[in-house]
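Look at the sequence and the structure below. The text after them goes through a sheet, a pair of helices and a contact between chains.

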Amino acid sequence: MENNIFELQYALDTFYFLVCGALVMWMAAGFAMLEAGLVRSKNTTEILTKNVALFAIACTMYLVCGYQIMYGGGYFLSGITEVDSAAVLADFAAREDGFQGGSIYSGASDFFFQVVFVATAMSIVSGAVAERMKLWAFLAFAVVMTAVIYPMEGAWTWGGASVFGMYSLGDDFGFKDFAGSGIVHMAGAAAALAGVILLGARKGKYGPNGEIRAIPGANLPMATLGTFILWMGWFGFNGGSVLKLGDIGNAHAVAVVFMNTNAAAAGGLLGALVLAYILFRKADLTMALNGALAGLVAITASPDTPTPFVATIIGLIGGAIVVLSILTLDKMKIDDPVGAISVHGVVGLYGLLVVPVTADGTTFGGQLMGAATIFVWVFAASFITWMVLKVIMGLRVTEEEEYEGVDLSECGMEAYPEFTNK
Amino acid sequence: MKLITAVVKPFKLDDVREALSEIGVQGITVTEVKGFGRQKGHTELYRGAEYVVDFLPKVKIDVAVADDLTEKVIEAITKAANTGKIGDGKIFVTNLEQVIRIRTGETGADAI
């Protein structure tokens, strides 16, 4: 009888993991729609191609070696393809109380849940370098990012490995990043920042006398849909990161995480909307959308500890930060068409640093150490990778191709061939 | 014969077409165009940065007419397209050397 209940708990926790993974997978659709909405229509096909291809590359490279580097699941997942029922039941029985303690679930479900996070990190890059980067240079970078760069820093954090044998973020510094404000979001933004610095701004974005020109996105309904899809997917992103559903304590923790994640997104949207209105006297929709995502990124580092009201405030501040960050990056001539570096990088850092306010056992210094480790590694490794790609194949399309739109030069097809006005 | 080219506000196109039909104009050609005059463009705001819309959308109407109808056509367009506000557009009149109806080969005023 007890074994039957253990089997059920294994099934429940595995199922919960798979459903959350599927929700995170759906965030790829959110990123694709958000990015397609915020670029000009002449670059739509190419940004969509990047989004579908990077997802496939992330899934493949993480399967080949990424998961092995991060968690030791074997190259080509050789270590997780079979389950030994008797051994699983023995693991349950060996506990003092079989139902409490860490989750015991299928290794294959763990891979599925982890792999969609890799794709999320890579999705962040595509928006920042949109409208001017060569498709194949981007995809080549995606291979390195998802096979090595992300799994390395993932191993140092969630994987529990020491950083090149020097120190351990978890044991030595009490670093906490619950679902990846830093590990996923800031990491993606760091890779994006390195790419944008080497790539340069879109032509016409900055005038010769320092003026900043707006390049409006083509389809704000699509950007809004993308934001809502990301918001929904985030429940899997944070909710799944509890890792276990199958007892009262953990089931409640999952519910709290859902609640706080939603509260922070709402707070972020309001923070950005109101601040944008105060600054520009216009209700800037794109800022409000970035604000919701900023709230989500901010709460991701510790969605299980704040009260719902504090989660709202954490999101609200994140939303305000993202507006100021977007304006500041523009002044620095760092051209990011969708605001990815601000949303995921700047607010990701803020999310890590605000953890000690609500989470016991974490320190500001420890969080800073974790953030610095992730940023330095991802930025440096990405910068070198982008440099190599720049020398080998070039990162940027020609000026004429950029004017015509990368849809034609890279994909040979337009997103809306029946519209004649560009 | 004259070729009358009028650039007007897009929302006035229907009024102009009706006014021309009433005075016996048999055909017009309409093109969506963009441009600027003394009205200039206007500025909009996106993510905190202003951008100037330099070229405003207008509709261009081409009408070929016999000499005796010229003044009536100009009057009809002027009346129909007038809002009294800046940006109402312009009418250009040019001499038209020849007109040929492709189907029958008729030429001159008969072909209009």
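In chain B, four strands (a strand is a DSSP run of E, at least two residues, numbered from the N terminus) make an open sheet in the order E2-E5-E1-E6, with antiparallel pairing. Two strands pair if DSSP finds at least two bridges between them. Strand E2 (29-35) and strand E6 (89-95) of chain B are the edges, each pairing on one side only.

This is a predicted model: local features need pLDDT of at least 70 and side-chain atom pairs pLDDT 80 or more, while totals for chains, interfaces and linings use all residues. Residues are numbered from 1 along each chain as its sequence is written, chains are lettered from A and ligands numbered from 1 in the order in which they are written.

Within the sheet, E1 (residues 2-8) and E5 (residues 56-65) of chain B pair over seven bridges. One partner of Lys2(B) across this pairing is Val65(B) in E5(B).

Now turn to chain A. Helices (DSSP runs of H or I, at least four residues) H10(A) and H12(A), the latter residues 340-353, pack at about 35° with axes 8 Å apart. Axes are lines fitted to C-alpha atoms, for helices over the stretch in contact, and angles run from 0 to 180 degrees between N-to-C directions. Among the residues that meet (C-beta atoms, placed from the backbone, within 7 Å) are Leu293(A) and Val297(A) of H10(A) and Val343(A) and Val347(A) of H12(A).

Lastly, the contact between the chains takes 13 residues from chain A and seven residues from chain B. H11(A) gives the largest share of chain A's side, three residues.

Key. Contact = placed C-beta atoms within 7 Å.
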